[in-house]
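The exercises below are to be worked through with the sequence and the model side by side. Each task is followed by a solution in steps.

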Amino acid sequence: MSGEVRISVRTLVEYAYRSGSIESGFRTATALTEGTKAHQKVQQTYGDSDRKEVFLQTEILLDGMVFVLEGRCDGLLFDDDGGEVTIDEIKSSTGDPRLVEENRHPVHWAQAVCYAYMYARQNGREHMRVQLTYVQVGTEEQQRYVREYSYDEMEAAVLEAVRLYAPYAAMQLQNRRERDASIRELPFPYPAYREGQRQFAGSVYKTIKDGHKLFANAPTGTGKTISTLFPSVKAVGEGLLQRIFYLTAKTLTRTAAEEAFSLMIERGLHMRTVTLTAKDKICFREEVDCRKEMCEFADGYYDRVNGAVLDMLSHEKLMNRSVIEKYARKHKVCPFEFSLDAAYAADAVICDYNYIFDPKVYLKRLPEEVKKQTALLIDEAHNLVDRGREMFSAELTKAPFLQLKRDFKGRNSAVEAAAKAVNDYFIAFRKEQGSGGSFVLREVPEDLPGLLEAFAQQAERELSAPGQGGEAQELLLDTYFAVQSFLRTAKYYDERYVTLAEVQRSDVRLKLLCLDPSALLAQMGKGYRAHVFFSATLSPFSYYMDMLGGGEDDYTVAIPWPFRQEQLDVWIEPLSTRYKDRDKTKLPISRLLGKLVREKPGNYLVFFPSYEYMREVAALFLEQERGPQSGAAVNGEAGVTEAASGTASGAASGDGIEGGVTDTEKAGWADDSISGGSEAGLNNGPGSGLSIGTLAGMVTDASTDPGTRTELTAGDAGGIAGGSPEKSHFEAVEVLLQDRLPALDESGGGSIPAEEASSGGSGDETGSGDRGSRMLRILVQQPSMPEEERESFLASFRADSSRTLIGFAVMGGIFSEGIDLRGDRLTGVVVVGVGLPQVGPERNIIKEHFDRDGRSGFDYAYVFPGMNKVMQAGGRLIRTENDYGTLVLIDDRFLQRRYQSLLPPEWRHFTIPGQKNERTH
């Protein structure tokens, strides 16, 4: 194998000499790394003739490959007569340097010896002194170790490191040659481009070539994934890139990227792609515990990982979760750490946003030279605004410090004192503020960072001690990480931040809230060759360019909707869904849904701004569809053919249903008219008698006798999700859909006679004189749905079903983005409300911040995020050129210019029920 291999000294020695086990999460997070300030403190003690940050380079020929080895040594020290030359390698940590034994870190000695060899080779020296300087951040305490090496010893050590690295280098060279040759021959993996797809792909390629950022609004059906990946892959073949990161926040879009790579691999692409999965999901243990004593995959990890990476990269191209798990078991290595090590070697990485943008977990070992040849493809980029705020915010509460003070009394006086000092600060802060409540500060609380730094130092020393464990130690570890996050965030604090303080009885909560993440997102993305931000709802451009760190020289492209207008039938029902009006418009909405499923039987998704609102309308709808006997118990009579509670395995009626939202969605979404507060009655207590599988209480409680039923009225709908956590988090009800609907009242805008629906489905027809009937299946999303239940929920939307299906879901939740129900799997989508986030202190502060900056704070805090959820929900409907469907937007604000101007162009050809002429914007 011939070719040039450029490699840094650090990369070489870490590959060759890392050994042993994965240490605890604490040790991993605080491993000895270079700290700029600590280095500078040491370097300030150098003499006049000494040099710092000296660049060194040499070439080594081995097995036909030329290894270009380069790096910067921290210090080059000369004695008074110039006879002795010392390489100084500085390592900093918050831990006590006196605890670092001389032979504890072979990698550090190897790194320093490489620098010494490179200098000796360039300057003809027969021997060199090598010094390791360990320094503690904060106290500046130092510990030094010095060794002397002959030239032959240094050369042997470096050649041995290169020899160990050579098989991996040869594999990488071979893979890249195969990759580049395959890319040159790679055709577009579909017979033809869709409308707008070629324009999009061309824009991506130009952005990479010019080294800019692209903001792309590409409607559903454009084929966004392949439109970004294919030109990026071609750019790799042209030498413009060496690596691609495909960033996404959702499992479904991650899968779409894997499928796109799989399709190109089928067409001949030779490219190594790694998907990163969160540690808690991919861990082989029931509970994550990375101590070598507790996990055989952590024990001896670094002794086996190089062979594992070499094996997998030599035999696989698409390394998704299942492939990574297979090789991890084969080589007995931690699958999460293994996937990270493989990612550094891959041509493409599919992962969450945080691996690039989150300062706590970003890929720190990615060299600047690699970044310059890397493109970031950011899918569903509209989500990055709020995710960015989360990444750059941090909070602390008083309670853990009080508990730690108690736990470590008589056990570790230093930790006790440090925790007491922070707890005392919170007490004084609480007294200073007087009465409880929430308020806003414009700076980091004075004196707190110093106390937290002192606590972090003592906590680290305690956590570094061997043989520690127990609940107190776990609390100390969790609090230590929270403190480090708070201190890190405090360094970012500027006019884009505020401090939220909340005083409640004995506790105090302080949150450093990032209002505008744009500058920090730009900073974390600095150095990468190109960024492509894309979404079906990246509109308006001005807002997203502003919030995601765009500049005047960056590009935008808006791809037209690729389908025919006649495929989409849009209605706007001008009912008020404002919080104050919901009680009087719930019934008209319920009746409208009944009319819709009668006139156009099929599969429907109905999206609401909150769980409470969704449940209340769902209960009304069910009561309405059960007919005049709705007050009777659910027992198979009174027009109710089946009421089934599912289990986690989806056993009910053969169809498992699921529901829920991610952590950022649990609070629910309300309306701009809400003055505050939370969603009431979402969970009943253990004694409520309601099962988690209850839709408005009209489903059997799994813990009671099958003959016992619980009956609720529509007014009780807020308590649908009660029961024990072991039960399923989904609900399904089947009713006989009556072919008759009472006339809508005045608030419903009048009634339109329903067309006669054909009978069908399973179950018996009633003898009540109705003209016809068909089965109706109702699904309701629930909070925190397990993944298998989400899949079961979606699987219920079948194109060949004889039953009408209506799924109630929440805007901004797991079913409003990223799902793909093609053809007759989805007949219509109903969006209730304009999706405005729940009014609260944080949203109002964001509004005030942008108002002060001369931007529309209400739009930035409420309207733009809310309408994005509306567009995401409506985008579930038309996915291909063969899809047809009805989109119903329920809210009178959709007729206001502020909201209507944000609708996609294809939605502006809408009909208002009761008006003969179609209105278009």
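**Exercise 1.** Which residue in β16 does V503 stand opposite?

*Solution.* V503 stands opposite V508 in β16. The model is a predicted one, in which local features need pLDDT of at least 70 and side-chain atom pairs count only at pLDDT 80 or more, while totals for chains, interfaces and linings use all residues. Residues are numbered from 1 along each chain as its sequence is written, and side-chain values use heavy atoms, with hydrogens and water left out. Going on to the strands themselves, β15 (residues 497–504) and β16 (residues 507–514) run antiparallel and are joined by eight bridges; two strands pair if DSSP finds at least two bridges between them.

**Exercise 2.** Place these strands in their sheet and find the helix that lies across it.

*Solution.* The sheet is open, has four strands in the order β13-β16-β15-β14, and its pairing is antiparallel. Its edge strands, each pairing on one side only, are β13 (394–397) and β14 (437–441). From one strand to the next, the twist averages 15°. Helix α17 (residues 413–433) lies across β13, β14, β15 and β16 and runs at about 90° to β16, where axes are lines fitted to C-alpha atoms, for helices over the stretch in contact (heavy atoms within 4.5 Å), and angles run from 0 to 180 degrees between N-to-C directions.

**Exercise 3.** Describe the protein as a whole.

*Solution.* The protein has 27 helices and 28 strands, taken as DSSP runs (H or I, at least four residues, for helices; E, at least two, for strands) and numbered from the N terminus. Of its 921 residues, 56% count as buried, that is, under 20% relative accessible area with a 1.4 Å probe, protein chains only.

Note on methods. Buried means under 20% relative accessible area, exposed over 50%, partly exposed in between (1.4 Å probe, protein chains only).
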